[in-house]
Amino acid sequence: MNKAEQISSLIKERRSYYPHEYLEGEIPQDHIDMILENANWAPNHGLTEPWRFFVFEKEGLKALSEAQGNIYKDNIPEEEFEQARYEKLVKLPLQSSHVIAIIMKRGNNPKIPKIEEVEAVACAVQNMALTVTALGYGGYWSTGGMVKFEQSKEFFGLGEEDEFLGLFYMGKIPSENKTGKRKDIKEKVTWVR
Ligand SMILES: Cc1cc2nc3c(=O)[nH]c(=O)nc-3n(C[C@H](O)[C@H](O)[C@H](O)COP(=O)(O)O)c2cc1C
């Protein structure tokens, strides 16, 4: 395969894999380092490099699990609280090898709109996801759970202009591939000729 065929195949192979699908076992440190290093090479306007990551592993996963449960409990209106949802949120980090909190750290260049900093972080996450796929692991970007609640920003010590954009869950997965689904690109492209 040439480079273009390799990247096309990798992009299409990437799927979201959820913690209940993960196998036992930890992703080794050198692979986590590679995932983070590749995230760091995302494009970004003005070289603000706005991505910041908190990597939870080992005992840290318990701290995240506890925080996610508590933040849900403390912030969801009482009438909306669901015990099963709470238990699921507590369980997700514990089923994972690693969880990476995705943060946008707002730079101080007023010429760069905030949305562009968020876009750059999303590029970094895609680099991360493709590396995870290439290494044979599974992962997914979650914007649910604790991510929805403003209190999470305090947990990470974020400033007002910073954003907590999600949790990237990761783990080992079985070797057979999941199939994805997309509508044809032709429906989304307008050619101007
Ligand atoms: C910004 C973003 C946020 C997402 N948040 C969630 C989420 O909160 N819960 C979830 O189940 N999946 C979430 N996903 C994963 C999508 O559900 C998934 O990408 C989609 O179903 C397509 O499947 P694929 O990733 O396997 O191609 C998110 C994906 C992105 C890019």
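**View A. Lys-58, a residue counted as exposed.** Lys-58 has 10 C-beta neighbours inside 10 Å, so it counts as exposed (the cut-offs: buried means 20 or more other C-beta atoms within 10 Å of a residue's own, exposed means 12 or fewer, partly exposed is in between, and C-beta atoms are placed from the backbone). Look for Lys-58 in the loop between β1 and α3. Its phi is positive, about 50°, even though Lys-58 is not a glycine. Keep in mind that this is a predicted model: local features need pLDDT of at least 70, side-chain atom pairs count only at pLDDT 80 or more, and totals for chains, interfaces and linings use all residues. Residues are numbered from 1 along each chain as its sequence is written. Helices (H or I, at least four residues) and strands (E, at least two) are DSSP runs, numbered from the N terminus.

**View B. Glu-49, another positive phi outside glycine.** Here phi is near 45°. Glu-49 sits in the loop between α2 (29-39) and β1. With 16 other C-beta atoms within 10 Å, Glu-49 is partly exposed.

**View C. Helix α4 and its two faces.** Helix α4 takes in residues 83-94, 12 residues in total, and reaches 17 Å from its first C-alpha to its last, close to the 16 Å expected at 1.5 Å a residue (that expected span is 1.5 Å times one less than the number of residues). Its buried residues are Leu-89, Val-90, Leu-92 and Pro-93. They cover an arc of only 150° around the axis, so they end up on the same side of α4 (the arc is that of the directions from the helix axis to the C-beta atoms). On the face turned away from that buried side you'll find the exposed residues Gln-83, Ala-84, Glu-87 and Leu-94.

**View D. What covers the buried residues of α4.** The cover includes the strands β1 (51-57), β2 (98-104) and β4 (163-172), along with helix α3 (59-75). Contact here means C-beta atoms, placed from the backbone, within 7 Å.

**View E. The shell around the ligand.** Arg-15, Ser-16, Tyr-140, Trp-141, Ser-142, Thr-143, Gly-144, Gly-166 and Gly-180 surround the ligand (near means a C-beta atom, placed from the backbone, within 6 Å). Strand β3 (residues 137-142) gives the most to this shell, with 3 residues. By type, the shell residues split into 2 nonpolar, 6 polar and 1 charged (Ala, Val, Leu, Ile, Met, Phe, Trp, Tyr, Cys and Pro count as nonpolar, Asp, Glu, Lys and Arg as charged, and the others, Gly among them, as polar).

Definitions and conventions: Contact = placed C-beta atoms within 7 Å.
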